[in-house]
Amino acid sequence: MTEPSGADRRQHARVRLLIGLAYRILELGALVPAAPAPGTEDESRVQDASLGGLGMVVPKPLPRDSILEIDFPHAKDSFQSVPVRAKVVRCQERSPGESYEVGVQFQTFTSEASDAILAFLKNSS
């Protein structure tokens, strides 16, 4: 039996967008040449998002199973952010040595995180 494709496995509808979000690497899933060290902070370009995860472009490879903390704007106070944990489920080189497409699945399911993700989806689309 074949495994369903990415779109068929998704539980939540995706919203297409192009916007930046900051992230921190909490744990690396594996040692990969050129992968940033845990604790590294960087900026991503989000391509699509849903309540379940994000598709984003990053400057360095992020190994599968790495744990990130992504900063979403607070739903009620845009000067604050809500850190949301996410697990890397896919990383593919986009432009040789320059950028990588990464798929992440959210791991934090607090009401504050859900509110921040919902507000992000609503305000970014």
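This is a short walk through one protein model, from its confidence values to its strands, its aromatic rings and its nonpolar core.

Please keep in mind throughout that what we have is a predicted model. The mean pLDDT of the protein is 85, and 86% of its residues reach 70 or more. Broken down by element, the lowest mean pLDDT, 52, belongs to helix α1, which covers residues 6-9, whereas strand β6 has the highest, at 96.

Let me turn to the strand pairing, where I will follow β4, β5 and β6. Strand β4, residues 67-73, runs antiparallel to strand β5, residues 81-95, and the two are joined over seven bridges; within that pairing, Glu 69 stands opposite Arg 85 of β5. On to the next pairing: β5 also pairs in the antiparallel sense with β6, residues 99-106, this time over eight bridges, and here Val 88 stands opposite Val 104 of β6. The hairpin of β5 and β6 has three residues between the strands, and in it Gly 97 takes a positive phi near 70 degrees.

One residue of β6 that I would like to pick out is Ser 99. Is Ser 99 buried or exposed? Its relative accessibility is 13%, and because the cut-off for buried is under 20%, Ser 99 counts as buried. Setting aside neighbours within four places in sequence, Ser 99 is in contact with Val 57, Val 58, Pro 59, Glu 93 and Arg 94.

Now to the aromatic rings, of which the structure holds two pairs. In one of them, Phe 72 and Phe 106 meet edge-to-face, with 5.7 Å from centre to centre and 75 degrees between the planes. That pair links distant parts of the chain, since Phe 72 lies in strand β4 and Phe 106 in strand β6, 34 residues apart. Phe 72 is buried, at a relative accessible area of 0%, and Phe 106 likewise counts as buried, at 2%. The other pair joins Phe 72 to Phe 120, again edge-to-face, at 5.1 Å centre to centre and with 85 degrees between the planes. Here too distant parts of the chain are linked, with Phe 72 in strand β4 and Phe 120 in helix α2, residues 111-124, 48 residues apart. Phe 120 is buried as well, with a relative accessible area of 5%. Taken together, the ring pairs link Phe 72, Phe 106 and Phe 120 into a cluster.

That brings me to the nonpolar core. How many residues does the largest nonpolar core have? The number is 25, and those with the most contacts inside this core are Leu 54, Met 56, Leu 62, Leu 68, Ile 70, Phe 72 and Val 104. The elements that give two or more residues to this core are β1 (15-27), β2 (41-49), β3 (53-58), β4, β5, β6 and α2. Of these, α2 gives the most, with five residues.

To finish with one member of that core, Leu 62 touches Tyr 23, Ile 25, Pro 36, Leu 68, Val 88, Cys 91 and Val 102, not counting residues up to four places away in sequence. Among those contacts you will recognise Val 88, the residue that stands opposite Val 104 in the pairing I described earlier.

Methods
Residues are numbered from 1 along each chain as its sequence is written. This is a predicted model: local features need pLDDT of at least 70, side-chain atom pairs count only at pLDDT 80 or more; totals for chains, interfaces and linings use all residues. Side-chain values use heavy atoms; hydrogens and water are left out. Two strands pair if DSSP finds at least two bridges between them. Helices (H or I, at least four residues) and strands (E, at least two) are DSSP runs, numbered from the N terminus. Rings of Phe, Tyr and Trp (its six-membered ring) pair if their centres lie within 6.5 Å; planes under 30 degrees apart count as stacked, over 60 as edge-to-face and the rest as tilted. Buried means under 20% relative accessible area, exposed over 50%, partly exposed in between (1.4 Å probe, protein chains only). pLDDT is the predictor's confidence in each residue, from 0 to 100. A nonpolar core is a set of buried Ala, Val, Leu, Ile, Met, Phe, Trp, Tyr and Cys residues joined through side-chain atoms within 4.5 Å. Contact means heavy atoms within 4.5 Å.
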